[in-house]
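Trainee: Could we take a close look at one part of this protein together? I would like to understand what sits in its interior.

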Amino acid sequence: MADDISIRYAASKTLGAFHASDKFVRGVMGPIGSGKSVGCCAEIIWRAMRQEPDEDGIRRSRWAAIRNTYPELKTTTLRTWMDWYGHATTLRMDQPITATVRFGDVELELIFLSVDRPEHIKKLLSLDLTGVWINEAREIRKTTLDAAGGRVGRYPSMINGPGPTWSGVIMDTNPPGDDHWWYKLAEEERPEGYQFFRQPSALLKVRPGVYIPNPAAENVKHHKLGYEYWMRQLPGKREEWIKVYILGQYGTVLDGKAVYPEYRDEYHCAGDILEPLRGVGLILGWDYGRTPSCIVGQMTARGQLRCIDEFVVDATGEGMGIRTFTRDIVKPALSAKYNGMTVLQSWGDPSGIARDGNDLSMFDIQAQEGIPTEPAPTNDPISRQDAVIKFLKTSIDGEPGFLLSPKCVFIRKGFLGGYQYAKMNVSGDDRYAPAPAKNKFSHPHDALQHMCQAASGGITVAINSQKREVKVKPSTGWT
Ligand SMILES: Nc1ncnc2c1ncn2[C@@H]1O[C@H](COP(=O)(O)OP(=O)(O)O)[C@@H](O)[C@H]1O
Ligand SMILES: [Mg+2]
């Protein structure tokens, strides 16, 4: 037994925050080689040392370490553990592999389980544990996380001592796709008792194919090659691979090309839901058709455009006309959430001037329903996208010129790749459709473009390569 173990571990910024949290379920996501697994091993040791001793003076804890496959469990998860704490660890190469870690008054048991072995999962369901570490969580089903939550907090028993000082589940992962349970929990549901941490990207993409070191990257100094560790992995890789493993961004399962490669989720999307700035007017953008959308923004005095809300009609239903959408969905929600605030500008798709069977345009209907809206000055796709890109590319005192509230889940997933140019079936090189695909992300993104056009004020638009200055009309007040 080791009397002491020397720990050379110093936590990076993100893992420091991860260790400092006492939340029941904690997850850390980041690029490859950023120190996630080492951080989780350190967390287990750290918690074992802080466990209050039993009556006999021993600090007991028991953890399960879970990985998707047995080969990866052995070559990666177990290996990381042994690299760091092997000198205090006695292994038993049973099925499953178990480890006893003893130093000073600490006695920690670790059980290494892989989900591709049914007997391991059965074992998990019968264990009394202090904590569970789910390594590379994106490869694990949500049911395993749920099961783990029920096994922790049961060791050490309260017969001989105070019971577990802390208990819960920790997880680390490379970024999953945006349809994954991790994304839903971390970005959409945010359940109580859960906390998710996100490491900065290792490199920054300056333009397609060009990457530079990210000064904020973590674990750089623990790679012999420094940033070159990531740099040299770039050649021969697809954009999507780089996005996930090097930039640490959520991937997308859709097979097209994102309309806005300028969007960086960890930069442009706020960590918490953005509250409306009282006293600052609202800017609305609208898309029409049977699945209408409305996007709500605010412009700060310094020129940051904050996208704070979205109203979207689900395309799975039978859809809805603009009158019902304005009257029954948007207006009541605006009154409830933004009571007393003013709509500075409200711009919609200019094709909405077409008249319906009652000889009314979309704008007539909206005026009747109490939200006077004007046609946006252009429907030219390039100019519309430019209005968004301009904000994405601007930085204001180190803050993004465009800040998205994570509440806007359609806009966000659209930015992440759901709003895309579809891949065309051409053999050989990747070819993409000339216009973005119509899908559940494109309608809110159309509305966002009109909102950004409105926010731009006197924008310059290019139509048929002629430059035309568009003056913003005096704002239509609406309270
Ligand atoms: N705090 C640290 N101190 C020293 N070396 C570290 C530290 N964190 C990670 N490393 C080293 O960096 C490398 C990658 O760490 P790892 O945790 O495996 O990354 P990830 O799980 O994020 O891919 C490993 O060689 C590991 O030993
Ligand atoms: Mg790892």
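Which residues in the largest nonpolar core touch the most other members?

Mentor: Happy to help! This is a predicted model, where local features need pLDDT of at least 70 and side-chain atom pairs count only at pLDDT 80 or more, while totals for chains, interfaces and linings use all residues. Residues are numbered from 1 along each chain as its sequence is written, and side-chain values use heavy atoms, with hydrogens and water left out.

A nonpolar core is a set of buried Ala, Val, Leu, Ile, Met, Phe, Trp, Tyr and Cys residues joined through side-chain atoms within 4.5 Å. Buried means under 20% relative accessible area, with a 1.4 Å probe and protein chains only. In the largest core, which has 55 residues, M171, F402, F415 and L448 touch the most other members. Helix α14 (residues 442-455) gives the largest share of this core, 6 residues; helices here are DSSP runs of H or I, at least four residues, numbered from the N terminus. Because domain 1 (13-198) and domain 3 (282-469) both give residues to this core, it lies between them; the domain bounds come from an automatic or database assignment.

Now zoom in on M171. Leaving out residues up to four places away in sequence, M171 touches residues including F18, V25, I134, L145, W181 and F196, where contact means heavy atoms within 4.5 Å. There is also a second, separate core of 30 residues, which includes C40, I45, F112 and W166.

Stepping back, 52% of the protein's 479 residues count as buried. Among contacts between residues at least 6 apart in sequence, 70% join residues at least 24 apart.

Terms used. Chains are lettered from A and ligands numbered from 1 in the order in which they are written. Buried means under 20% relative accessible area, exposed over 50%, partly exposed in between (1.4 Å probe, protein chains only). Helices (H or I, at least four residues) and strands (E, at least two) are DSSP runs, numbered from the N terminus.
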